[in-house]
Amino acid sequence: MQNELLSCAIRAALLAGKDILNIYDDPKADFAIERKADNSPLTIADKRSHARIMDELDATSIPVLSEEGRLTDYDKRKGWKTLWVVDPLDGTKEFIKRNGEFTVNIALVENGIPVLGVIYVPVSRTLYFSEDSIGAYRIEDIDTRSAGLSPDDLMEQADRLPLEQADTKGFVVVASRSHLSPETEEYIRKLESEYGHVNLISCGSSLKICRVAEGSADIYPRFAPTMEWDTAAGHAIVRASGKNIYLTDERTPLHYNKENLLNPWFIVK
């Protein structure tokens, strides 16, 4: 069953990525930007990706919590032991800036724990996927032509995470390109006092969590607001790679389908 759900999530992410690229690559495309209640940007690409993913996940009969969907009251949602948590276009600001650092995020959450994750990077055609029983993987140069392949077929073409890394990179901290808070800067200074020197890299969207999962970064501190759909897919992938997302006590894992969908501050390591 999990294999079928992973196949469905991968297909949904690849198809949504294609819909996003159709807009991103079209010089005549409508980049009209709306503002949501929290003043975050929303584009037609977010909406089309959401619609595509909902069409694909509907066949699973599992409820969906999506950034762009209608929010179900917690009184009903708290009874969902299994649910999809979706961000149809994570990194809308990066999409608008046209820097390519945006993703499609789909996670399956069971009893508050993300057990399956898919992150697709449409511009680089990179796919990250995981499921607790098989581990975490990265596959490059993939698009909708591979949407019908099984996870087993994809695993044969993919690299298992974490990747082997050269020992010359030192201690690497990944941080948000758009949201580097004073508290994050203070935490980085603490790491510098501990390790002598740290290499700081920046990128957008859930790519930061993927960097830790693949081993190209050692830690990602996030002391700024995020929502559950921002982290669930990356959390599944980083868990399956042998790491985790912790609260700032660095012991308690992040939990999902909470009454308040705003994440506490966290550290990925």
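**Figure 1. Helix α7 and the glycine that follows it.** Gly 215, which comes after α7, has a positive phi, near 95°. The model shown in this and the other views is predicted. Helix α7 covers residues 207–214, and because 7 of these 8 residues are buried, the helix is largely enclosed by the rest of the structure. The buried positions are Leu 207, Lys 208, Ile 209, Cys 210, Val 212, Ala 213 and Glu 214. In an α-helix there are 3.6 residues to a turn, so residues three or four places apart point the same way. Helix α7 lies across the strands β12, β13 and β14, and runs at about 150° to β12.

**Figure 2. The open sheet of β12, β14 and β13.** The sheet is made of 3 strands in the order β12-β14-β13, with antiparallel pairing. Its edge strands are β12 (220–222) and β13 (245–247), each of which pairs on one side only. From one strand to the next, the twist averages 20°. Strands β13 and β14 (residues 266–268) are joined in the antiparallel sense over 3 bridges. Within β14, Phe 266 stands opposite Leu 247. Strands of a sheet pair through backbone hydrogen bonds, in either a parallel or an antiparallel sense. Helix α7, the subject of the preceding view, lies across these strands β12, β13 and β14.

**Figure 3. Cys 203 and Cys 210, two cysteines without a disulfide.** The disulfide count of the model is 0. Cys 203 takes part in no disulfide, and the nearest cysteine sulfur, that of Cys 210, is 8.6 Å away. A disulfide is a covalent bond between the sulfur atoms of two cysteines. The criterion applied here requires the two sulfur atoms to be within 2.5 Å. The sulfur of Cys 210 has its closest cysteine sulfur in Cys 203, at 8.6 Å, and this is too far for a bond. Cys 203 is buried, at a relative accessible area of 3%. Cys 210 is also buried, at 1%, and belongs to the buried set of α7.

**Figure 4. Positions annotated as "binding site".** An unreviewed UniProt entry assigns the annotation "binding site" to Glu 67, Leu 89, Asp 90, Gly 91, Thr 92 and Asp 230. These positions are spread over 164 residues of sequence, yet they cluster in space, with a largest C-alpha distance of 12.1 Å. Leu 89 belongs to strand β4 (residues 82–90), as does Asp 90. Leu 89 is buried at 1% relative accessibility, and Asp 90 is buried with a relative accessible area of 7%. Beyond four places in sequence, the residues touched by Leu 89 are Ile 20, Thr 43, Ala 45, Asp 46, Phe 95, Phe 102 and Thr 103. With the same exclusion, Asp 90 touches Phe 102, Thr 103, Asn 105, Ser 205, Ser 206 and Asp 230. The last of these, Asp 230, is itself one of the positions under the UniProt annotation.

**Figure 5. The surroundings of Val 104 in strand β5.** Val 104 lies in β5, which spans residues 103–110. Val 104 is buried, and its relative accessible area is 0%. When neighbours within four places in sequence are left aside, its contacts include Ala 13, Ala 16, Gly 17, Ile 20, Ser 49 and Ile 53. Also among the contacts of Val 104 are Asp 87, Pro 88, Val 118, Ile 119, Tyr 120 and Pro 122. Gly 79, which is 25 residues from Val 104 in sequence, is 26 Å from it in space, C-alpha to C-alpha.

**Figure 6. Backbone details in three loops.** Most residues other than glycine have a negative phi, and most peptide bonds are trans. Ser 61, which is not a glycine, has a positive phi of about 60°. Ser 61 is placed in the loop between α2 (44–57) and β3 (64–66), and counts as exposed at 68% relative accessibility. Arg 125, another residue other than glycine, has a positive phi near 55°. The loop that holds Arg 125 runs between β6 (113–121) and β7 (126–131), and Arg 125 counts as partly exposed at 25% relative accessibility. The peptide bond joining Leu 161 and Pro 162 is cis, with omega about 0°. Pro 162 is found in the loop between β9 (159–160) and β10 (171–176).

Conventions: Residues are numbered from 1 along each chain as its sequence is written. This is a predicted model: local features need pLDDT of at least 70, side-chain atom pairs count only at pLDDT 80 or more; totals for chains, interfaces and linings use all residues. Side-chain values use heavy atoms; hydrogens and water are left out. Buried means under 20% relative accessible area, exposed over 50%, partly exposed in between (1.4 Å probe, protein chains only). Helices (H or I, at least four residues) and strands (E, at least two) are DSSP runs, numbered from the N terminus. UniProt positions are given in the numbering used here, feature names are shortened, and annotations may be inferred rather than shown by experiment. Contact means heavy atoms within 4.5 Å. Two strands pair if DSSP finds at least two bridges between them. Axes are lines fitted to C-alpha atoms, for helices over the stretch in contact, and angles run from 0 to 180 degrees between N-to-C directions.
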